[in-house]
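Today I'm going through a structure to see what its aromatic rings are doing. After that I want to check for empty space inside.

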Amino acid sequence: MASFSFGTGNAAKLLRIPLYAVGRIGTLLLPRGRRWVFGCGAGIGDGALAMQQHAAAAGHDTLWLTSSEREDREAAALGIRFARKSGLRGWWVTARAGVLVVTHGLGDVNRYANGGAFVVQLWHGIPLKRIGLDSPATTEVPKVPGAPLLRRAIAVLYRAAAQRIRVLPAASHRARGRLESAFGLGDDRVVVTGEPRVDVLSAGSGEERRSAASALLRRVVGDIPVSARTVLYAPTWRDGAPDPAVPSAAEWVQIIRLLEAQDAVLLVRSHPLGEGGYAPPLPSRRVRALGSTVIADVTPVLPAVDVLVTDYSSLAYDVGLLSMPVLFLAPDAQQYARTRGFYGRYEEVAGHDAAADWTGLLAQLEHLLADRRVYDAASVRSATLSAGMHAYRDGRNTERVYDVIRARGIPAPKGAA
């Protein structure tokens, strides 16, 4: 079921205005140092992890801000120094940091202590659905008296927070325009360097990527037969609304029958902000959960996947770096276009044959898995779509972003030549 909405989040933001004001006064009184502080709304991973590892290897003092015991354990396992982002300790390290690196928003670090910092917003995907200032959902508030005024206040707060961003990497010039519009930033802030989060899909050879991803997948979901194809189902968040694509009991029967007939395994990754009820009525080894509670960042697993099924996720652009076929299941495409909106037309990405239900999707999936020519044609289409959105595929996006940060006045590590 849905677990979060823009409306509830924005209501909480308005109630916290006095805390933001007090925190801002505090940051004006404290000098900022040289430490790089990292946070990620999805956990220990995404582009923030790639950037932390690069900055640490370069000799910078780095610290990760966590929000749970699980993140504490994962940071410790990677040898990353960490502190909790909430409370006085989190406020202090955020207020004293020279560089703040986030992937979702300023709440990835301590939200009351980011004023005056050099903020690097890595974001977490090439926008397919409208985001930020381009989407009415961003300024949604509860339906209460004075709601229009509250929406305008949220818009002002959003713009003010976005103006603190000093560097926002874009995957390509096409993606750059979307980010400039969504965050209200000029082209001096949004730079085409490629995204650090997808370096793992380009670095090394295809065999190396597949081997590492397969080993990681086995660790988190258990053994998968070597002969089995893997299908990743990754529906996106619907801004707090229920997910209309959750299968019925009868549809689960159809899904499992197809998986058995085609020797395939379905990996289900609901969006972390709206976990759907994607558990079959009877347990099956053909269906494995791969949600955010299983693995925070799904990107390193992608080279072990054979087919992606999604609706509006930016993964549709990313898996093309691997020439992975993509099928689309979007029962609410027209409604989503009205309420959230897309950049361009949905058909430009999904084609004109996006499935409206599981019956239609399973027919497409069976055709794809059973006919190599169909699979290869879908692979070419996926790679072509990705080529229009990812300008770089050399595994060096993180390095380019780091160079931009350094070129904008961030000092070298202490002791560096």
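I started with a charge over a ring: in this predicted model, arginine 400 lies over the face of tyrosine 392, at 3.7 Å from the ring centre.

Next I looked up ring pairs. I got a count of 13 aromatic pairs. I picked out tyrosine 233 and tryptophan 358, which sit 5.1 Å apart centre to centre. Their planes make an angle of 70°, and over 60 counts as edge-to-face, so that's what I wrote down. Tyrosine 233 is in strand S8 (residues 229-234) and tryptophan 358 is in helix H13 (residues 358-370), so this pair ties together parts that are 125 residues apart in sequence. I checked whether they are buried or exposed. Both tyrosine 233 and tryptophan 358 are buried.

My second pair was tyrosine 312 with phenylalanine 342, a tilted one, with 5.3 Å between centres and 55° between planes. Tyrosine 312 sits in the loop between strand S11 (307-310) and helix H10 (315-318). Phenylalanine 342 is 30 residues away, in the loop between helix H11 (333-339) and helix H12 (347-350). Tyrosine 312 and phenylalanine 342 are buried too. I also found them in one aromatic cluster with Phe328, Tyr336 and Tyr346.

Then I went looking for holes. How many cavities of 30 Å³ or more does the whole structure have? I found one, and the largest cavity has a volume of about 30 Å³. Trp358 turned up again here, in a lining that also includes Val231, Ile255 and Val309. H13 gives the largest share of that lining, four residues. I sorted the lining residues last: nine nonpolar, no polar and no charged.

Methods
Residues are numbered from 1 along each chain as its sequence is written. This is a predicted model: local features need pLDDT of at least 70, side-chain atom pairs count only at pLDDT 80 or more; totals for chains, interfaces and linings use all residues. Side-chain values use heavy atoms; hydrogens and water are left out. Rings of Phe, Tyr and Trp (its six-membered ring) pair if their centres lie within 6.5 Å; planes under 30 degrees apart count as stacked, over 60 as edge-to-face and the rest as tilted. Helices (H or I, at least four residues) and strands (E, at least two) are DSSP runs, numbered from the N terminus. Buried means under 20% relative accessible area, exposed over 50%, partly exposed in between (1.4 Å probe, protein chains only). A charge sits over a ring if NZ of Lys or CZ of Arg is within 6 Å of the ring centre and within 35 degrees of the ring normal. On a 1 Å grid over the protein atoms alone, a cavity is a set of points where a 1.4 Å probe fits but cannot get out, and a pocket is an open set with protein on both sides within 12 Å along at least five of seven lines; lining residues have an atom within 4 Å of a point. Grid points are joined across faces, edges and corners, and a volume is the space filled by probe spheres set on the points. Ala, Val, Leu, Ile, Met, Phe, Trp, Tyr, Cys and Pro count as nonpolar, Asp, Glu, Lys and Arg as charged, and the others, Gly among them, as polar.
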